[in-house]
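Trainee: Hi, have you got a few minutes to look at a model with me?
Mentor: Sure, put it up and ask away.

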Amino acid sequence: MCRDGPTLPLHSEHVALGATLVDFAGWEMPVRYTGDIAEHTAVRTSAGLFDLSHMGEIAVRGADAVPFLEYALVGRMGAMGLGRAKYTMICAPDGGVIDDLVVYRRDWDHFVIVANASNKDVVLAELKERSAGFDVGIADESAGVALIAVQGPAAEAIVTEMTARDADNIASLPYYAATNVVLTGDVHAFVARTGYTGEDGFELFVSAEDAPEVWRLALAVGGERIRPCGLSARDTLRLEAGMPLYGQELTRATTPFDAGLGRVIAFGTEANSRGDFVGRAALEAARDREPSRVLVGLVGDGRRSPRTGYAVTDAGGSVIGEVTSGAPSPTLGRPIGMAYVDKGFGEQGTQVLIDVRGRGEPMTVTALPLYKRAQ
Amino acid sequence: MASVPDDLQYSAEHEWVDGELAVGGEVTVGITEHAADALGDIVYIEAPSVGATVTAGEVCGELESTKAVSELYSPVTGTIIAINDELANAPDNVNKDPFGTGWIFKVQITEEPSGLLDAAAYGDLTA
């Protein structure tokens with residue numbers, strides 16, 4: 001199963017835990033430790049521990065950091081407070097999505113962009129090209145940074161217990177905000193209340209050399225409440241939570257509007273004007289025309305799940321869309337998926353079929369997300 | 001390491017075969033622990049129907065896990081004489097006990113099998 005991919009700081013921890021490792025974007029990553037469903041359920045009911053060290057961290061520093069990011073990305077970065085996080089995208093001049101990103105503001109002139117592992121080099125190259133004329137430095141810090149996520153209803157209690165000194169900071173940290181924390185053992189971490197599972201949770205940015213200590217600390221403090229989780233559980237969790245995945249729901253051929261994420265684009269208003277940004281003209285045009293397809297959720301009553309690439313058809317068998325992601329939902333106990341369908345089939349409750357080896361499996365069009373945690 | 005029982009034969013597509021490997025012989029077929037581990041939690045199995053004919057090396061069904069759909073191949077040529085009905089309600093038996101309660105179907109062989117691997121050869125294949 002294992003290929004000779006580059007190893008990440010927590011590799012030996014995963015091997016010691018008996019993880020099944022797979023090649024993912026060139027990295028050898030844990031796909032599961034024990035079982036996908038048990039790992040998924042741990043995050044919904046208690047807590048899961050994820051190694052996300054394959055993600056890319058790109059630092060942007062300099063006097064022009066704000067105007068540069070507002071030109072390079074589609075969102076408004078200048079309005080972010082210190083220690084805040086923002087979900088945004090980097091688009092091509094034609095409006096296609098190059099990647100979806102989370103940007104953290106660490107200081108007035110210092111931002112950290114987290115990019116998908118498979119896109120990091122493309123994002124880095126685009127940022128460098130777009131930085132001409134701006135007073136900024138762009139640095140790929142991925143190799144020195146490990147990213148560890150604790151996600152689930154018990155996450156706050158566990159991360160609080162991982163730091164005696166900064167427990168109050170963790171408990172009071174708002175969603176999509178981050179703070180510097182000293183963890184037990186004097187380990188410095190940048191801790192964000194963000195995640196990709198649909199649950200409350202934290203993402204801990206630590207140095208690569210501190211990563212094994214932090215990983216073991218989370219397992220020791222969490223005890224029975226926490227379970228290490230692989231990429232497989234991460235995918236079913238994000239699917240239930242209706243979160244798009246680059247390469248599936250988001251691609252160079254889709255604009256943010258196609259994925260129902262037009263709200264991430266800040267065009268500016270008369271009262272709150274904003275300068276030019278890459279993709280602006282194409283995205284304004286995309287805003288003004290109705291997308292021909294819409295991203296919807298699917299829920300089935302049968303046993304077979306929609307899967308990436310499966311055709312969606314109407315009752316007569318005519319193709320009206322394509323599945324982008326799908327799996328049996330461990331939480332709902334039913335097959336679920338996301339699909340782009342022709343606009344006329346986007347209404348909630350519409351009955352469609354998924355072509356499973358020539359057989360039509362009935363599915364109901366459903367609003368996203370398919371799972372929402374109790375607040 | 002996944003276990004590879006010595007008393008079974010194996011296909012390169014990760015099925016195991018137990019029984020009399022001759023025309024007229026009856027064999028039981030399942031997937032190996034290696035394959036079950038790679039698939040993850042199996043949630044649905046589409047096996048061939050009793051009476052159907054299957055051909056060695058050809059697709060005869062599907063295995064669906066939380067992560068993916070994988071094709072099920074027949075390691076021998078013959079007629080399906082039984083399927084494991086319990087898997088409809090307990091597909092995870094394939095993960096828990098792939099060489100026992102996780103068996104998938106039984107075949108009466110109509111053509112001399114060839115190309116199956118012994119445990120040592122299959123172990124090498126998946127090492």
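We will talk about one strand and its neighbours, then about a nonpolar core.

Trainee: Is this one predicted or what?
Mentor: Yes, this is a predicted model.

Trainee: Okay, let's start with β18(A). Which side chains of this strand point to which face?
Mentor: They alternate along residues 351-356. Val352(A), Ile354(A) and Val356(A) are buried on one face. Gln351(A), Leu353(A) and Asp355(A) point to the other face and are not buried.

Trainee: And which way does β19(A) run relative to β18(A), parallel or antiparallel?
Mentor: Antiparallel, with six bridges joining the two strands. Leu353(A), for instance, stands opposite Pro362(A) of β19(A).

Trainee: What about the hairpin, how many residues sit between the strands?
Mentor: Two residues. Arg357(A) in that hairpin takes a positive phi near 50 degrees.

Trainee: How many bridges join β15(A) to β18(A)?
Mentor: Two, and that pair runs antiparallel. Val312(A) has Ile354(A) as its bridge partner, and Ile354(A) is one of the buried residues of β18(A).

Trainee: Switching topic: which residues touch the most other members in the largest nonpolar core?
Mentor: Met162(A) and Leu183(A), out of 31 residues in that core.

Trainee: Which element gives the most to it?
Mentor: That is α7(A), with five residues.

Trainee: So what does Met162(A) touch?
Mentor: Leaving aside residues up to four places away in sequence, its contacts include Leu183(A), Leu204(A), Val214(A) and Leu217(A). Thr184(A), Ala218(A) and Val221(A) are also touched by Met162(A).

Notes
Residues numbered from 1 in each chain as written. Chains lettered and ligands numbered in written order. Predicted model: local features only at pLDDT ≥ 70, side-chain atom pairs only at ≥ 80, totals over all residues. Heavy atoms only, no water. Buried < 20%, exposed > 50% of the residue type's maximum accessible area, 1.4 Å probe, protein only. Helix = DSSP H or I, 4+ residues; strand = E, 2+ residues; numbered from the N terminus. Pairing = 2+ DSSP bridges. Core = buried A, V, L, I, M, F, W, Y, C linked by side-chain atoms within 4.5 Å. Contact = heavy atoms within 4.5 Å.
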